[in-house]
Amino acid sequence: MSRARALVVDDEADIRELVAITLARMDVEARCAADLAEARALAGAEPFDLCLTDMRLPDGSGIDLVRHLQRTRPDLPAAVITAYGDVESAVEALKAGAFDFVSKPVDLGVLRRLVETALRLRERRAPGRLHLVGDSPPMRRLRAMIAKLARSQAPVYISGESGTGKELVARMIHEQGPRAAGPFVPVNCGAIPAELMESELFGHVKGAFTGAAADKEGLFQAAEGGTLFLDEIAELPPHMQVKLLRAIQEKAVRPVGAAREVPVDVRILSATHKDLAALVQAGEFRQDLYYRINVIELAVPPLRARREDIPALAEHFLARIAAAHGGEPPRLGAAALEALMRYPFPGNVRELENILERACTLCEGDEIRPEDLQLPEDGGSGAFEAPEAVPEEGLETYLDRIERETILKALEETRWNRTQAAKRLGISFRALRYRLKKLGLDG
Ligand SMILES: Nc1ncnc2c1ncn2[C@@H]1O[C@H](COP(=O)(O)OP(=O)(O)OP(=O)(O)O)[C@@H](O)[C@H]1O
C-alpha cells in the first residue's frame, strides 16, 4: 500500500507544524491548508486517507469542511480539533459525519491513536468500497483476477449464471482501476427497445427523428473517462452488434443524425448469463464482436459450486437487511442453515438475498426457522423441465411461452405489483416493463 496522506487544516502555523511532525513520525505525509477554501481545493485535487481540521477557521468552520467532504469524498475519514471543553462542537461534528475529534491542547498520544484508527479504516476500505463476500477457493481466485484485470484496459467479458454477482464484479474492476474517478455506466441491453438502442447508446442530434427536440448524449459519452458495462449483451440486435463493433474499434461513436464521429474514451466490460460462444456457433451473435469484447473472459461460479460461502453471505445479507430496517438481525437457526446448504440456488446469490429478506419478514422470534425460508419443494430447479424433443412450436415461440407463463405467475403472486414481480423474477423494473410490452401484456 502506498504511503498514507493526511490533509491538515488549521490557521495556526505552529499547530500545523506540530501535527505534521507527529504524522511524519508515523510515516504519514501531511499536506497543510490554512483555511476552508484552501482545504476544499486540496481535497478536490489530491488523494487523501485522512483529514484533520481545526474547528475555527478564518472563512468558516471545521464542520463545514466535514459536511463538504461527506458530500464529495464520503470515504475519507475526517476528524476535528475542538477547543478544550467544547463538547457541543464535538458532538455537532460527529453528527455531521466526522469520525472522531481531539481537543486542544492536542495530546500527541491521543492524536496518534486517532490517526491509527483512521488508517485502519483505509486498510479495510482498500482496495475499494465494494467487496465480494466469501472465502472459498473460487472466490479467492476471482478476487485476484479482479485486481489484475482492474489494472489493464482490455475489454472483459464476464460470464456466469443469473444472480451470481456479475455486475458487482464489473463495478469492482472499475473501482479498483485507474478509471475509478470516472463514471461507471451500467446498461441493460435487454431492457432497451431495439429501435431506441442506437440513440440510447450513441446519442442523437436535434431533429434526427421525430421527437428529437434537442441534442442528447448517449451512454457511451456519459461513460467518458470511465467504464461502460454492457449487461445482457447477448440481447443486442444484429444491427447494433455491427455498430458496437465499430465503436470499439474506432474508439469513436456517431450520434444518430450527426455528420461526424466523436471520439470516446471508455473501457468496455460486458456480461450475459447466456452461453455467448454457443450463440456465436448458432450464428446469432457476431463472431468478430465476440472476439473484440471477449479479450479476457472472467467466469463467476454459481453459488452451488461454492457452498462454503453460504454462511458468510447469509450473515452479510442479514446484517444488511437489519441495517435497512433498523434493529438487530434475526439469527439463522442451525436447521435453516442446513436447509440452505442443501438448496441448489438456481437464482444464485440474488436468490439467497431474496429468500433471507422474505424470511426476516416471516420470522416471528429472533431465529429464522427452515419454514421461514419457504424453499421450493422441487429444489427450485424443476420449475420448467426442458422438453425432451425439440418443441413443435419452434424454439422462439416455446421460449416466449415459458417467459410469458413465468412473468404471469410472478405477477399473480405479487397481485400485479410490478416492482415486487420484477424483484421476484430477478430482473430490473425496466426489464420487466420491456418484456411485458414485447409479450403484449402491458395493456
Ligand atoms: N460475493 C458476493 N458478496 C456480496 N454480495 C454479492 C456477492 N455476489 C452477489 N452479490 C449480490 O447479489 C446480488 C446480485 O448480484 P449481481 O446483480 O451482480 O448479479 P448478476 O450476475 O449481474 O445478475 P444478472 O445476470 O441477473 O444481471 C447483488 O445485490 C449483489 O450485490
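Visitor: Which residue stands opposite Ile81 in strand 7?

Guide: In this predicted model, Ile81 stands opposite Val102 of strand 7. The pair belongs to a longer match, for strand 6, residues 78-82, and strand 7, residues 100-103, run parallel and are joined by 4 bridges. As a general idea, the side chains of a regular strand alternate between the two faces of the sheet.

Visitor: What unit do strand 6, helix 4 and strand 7 make?

Guide: Strand 6, helix 4 (residues 87-96) and strand 7 make a β-α-β unit, and this unit is right-handed. Following the chain onward from strand 7, one comes to the loop that leads to helix 5 (108-125), and Pro105 is found in that loop. The peptide bond between Lys104 and Pro105 is cis, with an omega of about -5°.

Visitor: How should I read a helix, and which residues of helix 8 are buried?

Guide: An α-helix has 3.6 residues a turn, so residues three or four places apart point the same way. In helix 8, residues 194-202, the buried residues are Met197, Glu198, Ser199, Leu201 and Phe202.

Visitor: Against which elements do the buried residues of helix 8 pack?

Guide: They pack against two strands, strand 10 (203-204) and strand 13 (252-253), and against two helices, helix 9 (219-222) and helix 10 (238-250). Just after helix 8 comes Gly203, which takes a positive phi of about 85°.

Visitor: Which residues that are not glycines have a positive phi?

Guide: Glu232 is one of them, with a positive phi of about 55°, and Gln374 is another, with a positive phi of about 50°. Glu232 has its place in the loop between strand 12 (227-231) and helix 10, while Gln374 lies in the loop between helix 16 (370-373) and helix 17 (395-413).

Visitor: Why is Glu232 counted as buried, and is Gln374 buried or exposed?

Guide: The idea is to count the other C-beta atoms within 10 Å, where 20 or more make a residue buried and 12 or fewer make it exposed. Glu232 has 21 such atoms around it, and therefore it is buried, whereas Gln374 counts as exposed because it has 11 C-beta neighbours inside 10 Å.

Visitor: Where is Ala299 placed, and which residues is it in contact with, leaving aside its neighbours within four places in sequence?

Guide: Ala299 is in strand 16, residues 296-299, and, once those sequence neighbours are left aside, it is in contact with Ser159 and Gly160. Ala299 and Pro138 are 161 residues apart along the chain, yet their C-alpha atoms are separated by 9.8 Å. Ala299 is partly exposed, because 15 other C-beta atoms lie within 10 Å.

Visitor: How many residues surround the ligand, and which are the closest?

Guide: There are 19 residues around the ligand, of which the closest are Val133, Gly165, Lys166, Glu167 and Val349. The elements giving two or more residues to this shell are helix 7 (166-175), helix 13 (310-325) and helix 15 (348-362). Sorted by class, the shell has 5 nonpolar, 9 polar and 5 charged residues. At least three of its residues come from each of domain 2 (137-299) and domain 3 (303-373).

Visitor: What does the secondary structure of the protein come to, and how much of the protein counts as buried?

Guide: The protein has 19 helices and 18 strands, and 33% of its 443 residues count as buried. Among the contacts with a separation of 6 or more, 69% are between residues 24 or more positions apart.

Technical notes: Residues numbered from 1 in each chain as written. Predicted model: local features only at pLDDT ≥ 70, side-chain atom pairs only at ≥ 80, totals over all residues. Pairing = 2+ DSSP bridges. Right-handed = clockwise from strand over helix to strand, strands pointing away. Contact = placed C-beta atoms within 7 Å. Near = placed C-beta within 6 Å. Nonpolar A, V, L, I, M, F, W, Y, C, P; charged D, E, K, R; others polar. Domains from an automatic or database assignment.
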